[in-house]
Amino acid sequence: MITLYNQGAYLLRGTELVVDTKDAQTVIAAKTGKPVQKEEAAKETIAYRILEAHNTSSDMERLKIKFDKLTSHDITFVGIIQTARASGLEKFPIPYVLTNCHNSLCAVGGTINEDDHMFGLTCAKRYGGMYVPPHQAVIHQFAREMLAGGGKMILGSDSHTRYGALGTMAMGEGGPELVKQLLNKTYDIKMPGVVAIYLDGEPSVGVGPQDVALAIIKATFANGYVNNKVMEFVGPGVANLSADFRIGIDVMTTETTCLSSIWKTDETIREFYEIHGRSEDYKELNPGDVAYYDGVVYVDLSKVKPMIAMPFHPSNAYTIEEVNANLKDVLHDVEQRALVSLDGAVEYSLQDKIRDGKLYVEQGIIAGCAGGGFENICAAADIIRGKNIGSDAFTFSVYPASTPIYMELVRNGAVADLLAAGTIVKTAFCGPCFGAGDTPANNAFSIRHSTRNFPNREGSKLQSGQISSVALMDARSIAATAANKGFLTSASDVMDMEYRAPKYHFDSSIYANRVFDSKGVADPNVEIQFGPNIKDWPAMSALPENMILKVVSEIHDPVTTTDELIPSGETSSYRSNPLGLAEFALSRKDPAYVDRAKEVQKAQKAIEAGTCPVDALEELKSVLEVIRASYPEVGKGNIGVGSTIFAVKPGDGSAREQAASCQKVLGGWANIANEYATKRYRSNLINWGMLPFITEEDHNALSFHNGDYLFVPEVRKAVEEKQDVIKAYVVGDTLKEITLKLGDLTDNEREIILKGCLINYYKG
């Protein structure tokens, strides 16, 4: 089904793979008539060509990218625009689309959510952007329909910003990276590796895009095979997939921790653009005659079976056939994982889901940028037509990804088929993906064609004793399970139906009538509408000469998600209020974190006010005494005091910058990790002026622990002089030396850290 190559490979004429062995050049010369150097062949990937076209520097090893378009949703755009305004924003220099698909319900926190929407509308008018009202489209579907273009690059403040199937290299990043683009700055990265995703064969009946995506994620996540690389989809199997099918695979590439994705394009994608009235945006993309890839993921589409990703990660995937055949063992494995993921906060068992030897689930959902596509929902309607979901606990909800899709589903009868079966069809909304919609009952099990199934993504509150579980599946198998009244069923087992595969017709008038488009014309006379919960960022200090850090949280999970660093769901109403949101930081992972961080922050506030930090935090007295025994010059005017957390591998998942900014506004100066799960989380730390420290100590044998103080002498000098290895100490009765590393930093990133945050950097 999936094979990972142990080394790089050459792709000849887009079809034939030649492994990079000592004989590779001889083989290539025999087949093409001339030898090819690896360095030159690496320039023949689609990814390289797009990056080269958008690189503003003369160095292709150190890229400075300017994107063609930007997009954000209503959990992120307020903070981004507020940061840009504080940094001197006058107008949006490139098209910037503000969608409203996360806080759409406007049902939590009084007027907060709709206030954010009106902020977005007035900013789109004032600065020259586009505004998509709530319920019209989820962010990524609107981008596919209206923004994507062949050979273009789009930057979005949502981790699933992926439009590679349409020939657009898109990246999801934290808000500060969009701020840089709004201020005419660049996205600075090292040239990423490019891995070929070589598709062969054709999917079997009943297999959908989520099945293929989960199989790829299972094969590549844990080993980091494509981590921070570009996934380039090539091979003869691409031609056997519809545009919607490709899009459904592509959006899930985020869960592999890759940097971005791109696909070869063909007449199928040309037709997609024609259907959407944008034929001029199509561009044929193919790798060169001989292209070199840093790795290859070979996918035999014909061998992929309907999949299910069990809690608590998309990579924890099995075939549905395997789960049904080994039900008790699989559920036991999930329960063992829960001991780590849930920290024993609640009792957790799935054994009661076994009924007459079958797995019973209480909820099915098809939604969002991954599941809400036209073909997914049509296939689901075909499967459930003439059946019903029954009157027991099982419920079934479908969210079309945009109003144009919804309209076409109404016109072709798919919505009627779904409703007749007991399905609830709702408007475009991302809520089920992050825990703000269709929260199941306590101990319930939900199957979803959405993007993630991390702990708490369905709305659980461990601190209140509430837990439910999410598994990811394709829309087809979810519909088959719904037709079987909640008993887990593979779509490949459904034989008594026919897929109608109706043609899609896009009605552009829906957006023309409702979406505000300034056409890039700013109107500085428009007054921005603020709500009482939209707050400015608090002042932040520059990096001090010497740093005292207190460890205020210690996390030993193999991976820590951004959801655990700052929960989603009910916190979404506070995204525009930095201090209000910070109260939720680590609340589901380490509820004592906020108070610990605030206690340490008192000392830094005293320093900033010109008073003695010991008066604000008495325990610092003995810490300073030990430090001054070896560093007598450390004292007034040359120290900073802040908090830090340790996590083994933090930052998997969402691009939301608040995972870092909440720590910062609570006085955080650093993270310490064995490694960072994603580039975007590390970038968020840097953009908020936090030191992204790495320790090579085994997490089970750390020389420091929660509650310990660390001293980092001359930390400012170390950053200025581009030192990688940083000398630090654990402060006890004496100073115990440890080594921390900063990793690769650009000159701009170092300057941002020195200034204290991106806002300070642009203020000068």
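## Three-stranded sheet

Two strands count as paired if DSSP finds at least two bridges between them. In this predicted model, strand 2 (residues 9–12) and strand 14 are joined by four bridges and pair in the antiparallel sense. One of the matched positions is A9, whose bridge partner in strand 14 is Y293.

The sheet that holds this pair is open and has three strands, in the order 3-2-14, with antiparallel pairing. Strand 3 (16–19) and strand 14 (290–293) are the edge strands; each has a single partner, so one side of each lacks a neighbour in the sheet. On average, neighbouring strands here are turned by 25° against each other, direction ignored.

## T45, a buried loop residue

T45 sits in the loop between helix 2 (38–41) and helix 3 (46–54). Its relative accessibility is 1%; buried means under 20%, so T45 counts as buried. The T45 side chain reaches the backbone nitrogen of Y48 at 3.0 Å.

Beyond residues up to four places away in sequence, T45 touches V194, E232, A291, Y292 and Y293. Y293 is also the bridge partner of A9.

## Seven-stranded sheet

A second open sheet has seven strands, in the order 17-16-24-23-20-21-22, and its pairing is mixed. Its edges are strand 17 (317–319) and strand 22 (424–425); each has a single partner strand, so one side of each is left without a neighbour in the sheet.

Helix 18 (residues 475–483) packs on this sheet. The helix touches strand 20, strand 21 (395–398), strand 23 and strand 24. Its direction makes about 140° with that of strand 23.

Strand 20 (residues 363–366) and strand 23 run parallel, joined by four bridges. Within this pair, G364 stands opposite I447 of strand 23.

## N453, between strands 23 and 24

N453 lies in the loop that links strand 23 (445–449) and strand 24 (469–473). With a relative accessible area of 1%, N453 is buried.

Which backbone atoms lie 3.3 Å from polar atoms of the N453 side chain? One is the backbone nitrogen of H313. Another is the backbone oxygen of V470.

Leaving aside neighbours within four places in sequence, N453 contacts two stretches of chain. A309, M310, P311, F312, H313 and P314 are among its contacts. So are V470, A471 and L472.

## Helices 4 and 5

Two packed helices are described by the angle between their axes and the distance between the axes. The axes of helix 4 (residues 77–86) and helix 5 (residues 112–127) come within 10 Å and cross at roughly 45°. That angle makes helix 4 oblique to helix 5. The crossing is left-handed.

Which residues meet at this crossing? Helix 4 supplies F77, V78, I81, Q82 and R85. Helix 5 supplies D116, F119, G120, C123 and Y127.

## Helix 28

Helix 28 (residues 747–755) has these buried residues: E749, R750, I752, I753 and L754. They pack against four helices and a strand: helix 7 (175–182), helix 26 (679–687), helix 27 (715–720), helix 29 (758–763) and strand 31 (691–694). Just after helix 28, G756 takes a positive phi of about 110°.

Technical notes: Residues are numbered from 1 along each chain as its sequence is written. This is a predicted model: local features need pLDDT of at least 70, side-chain atom pairs count only at pLDDT 80 or more; totals for chains, interfaces and linings use all residues. Side-chain values use heavy atoms; hydrogens and water are left out. Helices (H or I, at least four residues) and strands (E, at least two) are DSSP runs, numbered from the N terminus. Buried means under 20% relative accessible area, exposed over 50%, partly exposed in between (1.4 Å probe, protein chains only). A polar contact is a pair of N or O atoms within 3.5 Å; within protein, one must be able to donate a hydrogen and the other to accept it, and residues adjacent in sequence count only if both atoms are side-chain atoms. Contact means heavy atoms within 4.5 Å. Axes are lines fitted to C-alpha atoms, for helices over the stretch in contact, and angles run from 0 to 180 degrees between N-to-C directions. Angles under 35 degrees count as roughly parallel, over 145 as roughly antiparallel, 65 to 115 as roughly perpendicular and the rest as oblique. A crossing is left-handed if the near helix is turned anticlockwise from the far one by less than a right angle, and right-handed if clockwise.
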